[in-house]
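Work through the exercises below with the model open beside you. Try each task before reading its solution.

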Amino acid sequence: MKNRNARLMLFIALPVLIIALGILYIQAHLPRVLTSYIENLLEEKIAGYLDLSSGDLVDVKVQILNCNMFAATVTTDEISIYAETEVYNEDSSAMSQKVAYEAGVTNLEISLKPLVLIALGFRKFTFNRLKADSIYYNTKSLLDEPLEKLKFHSGAIHFKGKIELPDQESSAIESTSFKNHLFQASNLSIYFPQDLYSFHIASISVDGVMETIHMEKIIALPNYVKEEFYRHVEFETDRIETHLDHLEVKGLRIDKKHGRRELMVSQVDIRNGLIDVLRDRRPAFNEEQRPVMPTRLFATAPINFFVGEINISEVDILYSEFPEDGSDSAFHESSGKVPFKKLKASLSNITNIADSLHKDSIMRISAEAFIFDDAMLRADFIYNLKDINGGYSADVELTEFQFEAINSAIYPLAGIRFAGGIHKSSVLSFTGNDVESRGELYMEWNNLSLNFTPESGKMITGITKYLGKIIYHPSNPNDFNKSPSGDIYFERDIQRFVFNYWWNCYLSGIKNSVIRDFVPI
């Protein structure tokens, strides 16, 4: 009986042992055969996607793939691409230049199934896991001395989700679609050595299910300091340095209607940061390029878009201008500065989609910020997005501040200083368009004193300050119990951005309030 049981157990165990040994053999040998096959196919496929000419140099290397059959993933230390090709300008009028491209990914872990499908030419696949320590991409011109053109680098990345490539490989990047995806990356940097700006994002997360994008520490940094920036532009160009701590996009969808991309966003939240804008007036102004008002800017955008609401909080803005005859040796002292601190703003109904404009064509902007130390500025703007001339209306209030606080904005550009006085309040309303603005300002102030010759001696300064009071009202309401308001009228300077336009509308009202009626201005 015992022998019969032993033979039965052996009969059962032997096939199990054979199967187990077979599995071990497959695990030991099949992954290497399979991964070697995939390595070769991937190298060929990647080289084919580059679509280079027969005379171009291309070198694709997929380091040894290590297969984990239980996790259904493969890992590799690096996939690298090096290519050299001839590049021509768009008009093909100039001689070609040889450009080298380097790209790669390090310490990659990726789902095995989609990797096999990609190698075999399939166009739909799902990644359960795609992780890497870094991705890099560099281009440079191969001149006598190699010249870098672009550098991109990222830290750790993670992706999961469905990817579908279009049938036409030529439009693979533009028409690639993602579903149920999650993408996370850290330390993204883009550097353009021959351009004006470089960009950095500390972290980004894109959730395709929740339709959100979350970014931290966004930096747009000019490649040249303020004093040097103008030497690298042909015409007047705003130098904009941006630091934002937090940006979140909600309700993000990208569709295609009538052959045109359509971007839909429910809400954008921006919190904490600094935007430093400098307009250097020393370069020539481009007469053929008129800075557009928001309505025309929206209408000429390359895609259709709708943004329901943008909320901005705790952002500082510094707007500066450097005059045409300013001195390099005293750059910061020669720049007129208008600071806006702790800006809070909301913008609603930002769109260029015809159906949306038919329902509601009014874009509303409400903002408040501290200006000139501790004065509160509140402003409400209404834009009719159907008006091709950029028609708008504005209502603005400004609270109390010492007049000396605005010397940093006035003196570098006008050569006049405020010697004393208190601004009590301003209320102004004006309407305008891309050409001109009109309205009215009512301002109250006390003990205004202007210094028209701040660089002269005490005697000359004293005389001009005394005579100056003949041409302006020291207070309002004044000694004659009058309370003059000031007409706002300003023709837009096409050489300046919209903030300058609004600022000069305010200044025109101030001049017409402060200066006495018999003085021609």
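Strands here are DSSP runs of at least two residues, numbered from the N terminus. The model is predicted.

**Exercise 1. Place serine 426 and decide whether serine 426 is buried or exposed.**

Step 1. Find the element. Serine 426 sits in strand E21, residues 417-432.

Step 2. Apply the cut-off. Buried means under 20% relative accessible area. Serine 426 has 1%, so serine 426 is buried.

Step 3. List the polar partners of the side chain. The side chain of histidine 423 makes a polar contact with that of serine 426 at 2.5 Å. The side chain of tyrosine 506 makes another, at 3.4 Å.

Step 4. Look further along the chain. Leaving out residues up to four places away in sequence, serine 426 touches Val396, Glu397, Leu398, Leu441, Tyr442, Met443 and Tyr506.

**Exercise 2. Do the same for glutamate 309: which strand holds it, and what does it touch?**

Step 1. Glutamate 309 belongs to strand E15, residues 304-322.

Step 2. Partly exposed covers the range between under 20% and over 50%. Glutamate 309 has 30% relative accessibility, so glutamate 309 is partly exposed.

Step 3. The side chains of glutamate 309 and asparagine 311 share a polar contact of 3.5 Å.

Step 4. Beyond four places in sequence, glutamate 309 touches Ser266, Gln267, Val268, Leu347 and Ser348. Take leucine 347 from that list. Leucine 347 is 38 residues from glutamate 309 along the chain, yet their C-alpha atoms are 5.6 Å apart.

**Exercise 3. Trace the pairing of strands E17, E18 and E19.**

Step 1. Start with E17 (residues 362-371) and E18 (residues 375-384). They run antiparallel, joined by ten bridges. Isoleucine 365 faces phenylalanine 381 in E18.

Step 2. Check the turn. E17 and E18 form a hairpin with three residues between them. Phenylalanine 372, in that turn, has a positive phi of about 55 degrees.

Step 3. Move to E19, residues 392-398. E18 pairs with E19 over seven bridges, again in the antiparallel sense. Here aspartate 380 stands opposite aspartate 395 in E19.

**Exercise 4. Which residues does the salt-bridge network around arginine 279 join?**

Step 1. Take the first partner. Glutamate 236 and arginine 279 form a salt bridge, with the closest N and O atoms 2.9 Å apart. Glutamate 236 lies in the loop between helix H4 and E12, and arginine 279 in strand E14, so the pair ties together parts 43 residues apart in sequence.

Step 2. Take the next partner. Aspartate 238 meets arginine 279 in a salt bridge of 2.7 Å, N to O. Aspartate 238 is in strand E12, so this pair links parts 41 residues apart in sequence.

Step 3. Check burial. Arginine 279 has 6% relative accessibility and counts as buried. Aspartate 238, at 16%, is buried too. Glutamate 236 is also buried.

Step 4. Assemble the network. Shared partners join Glu236, Asp238, Arg279 and Arg281.

**Exercise 5. Describe the chain and its largest nonpolar core.**

Step 1. Count the elements. The chain has ten helices and 23 strands.

Step 2. Consider burial. Of the 521 residues, 40% are buried.

Step 3. Examine the core. The largest nonpolar core holds 87 residues, and Tyr383, Tyr392 and Phe430 touch the most other members. Helix H10 (residues 498-514) gives this core its largest share, seven residues.

How values were computed:
Residues numbered from 1 in each chain as written. Predicted model: local features only at pLDDT ≥ 70, side-chain atom pairs only at ≥ 80, totals over all residues. Heavy atoms only, no water. Helix = DSSP H or I, 4+ residues; strand = E, 2+ residues; numbered from the N terminus. Buried < 20%, exposed > 50% of the residue type's maximum accessible area, 1.4 Å probe, protein only. Polar contact = N/O pair within 3.5 Å; in protein donor to acceptor, adjacent residues only side chain to side chain. Contact = heavy atoms within 4.5 Å. Core = buried A, V, L, I, M, F, W, Y, C linked by side-chain atoms within 4.5 Å. Pairing = 2+ DSSP bridges. Salt bridge = Lys/Arg side-chain N within 4 Å of Asp/Glu carboxyl O.
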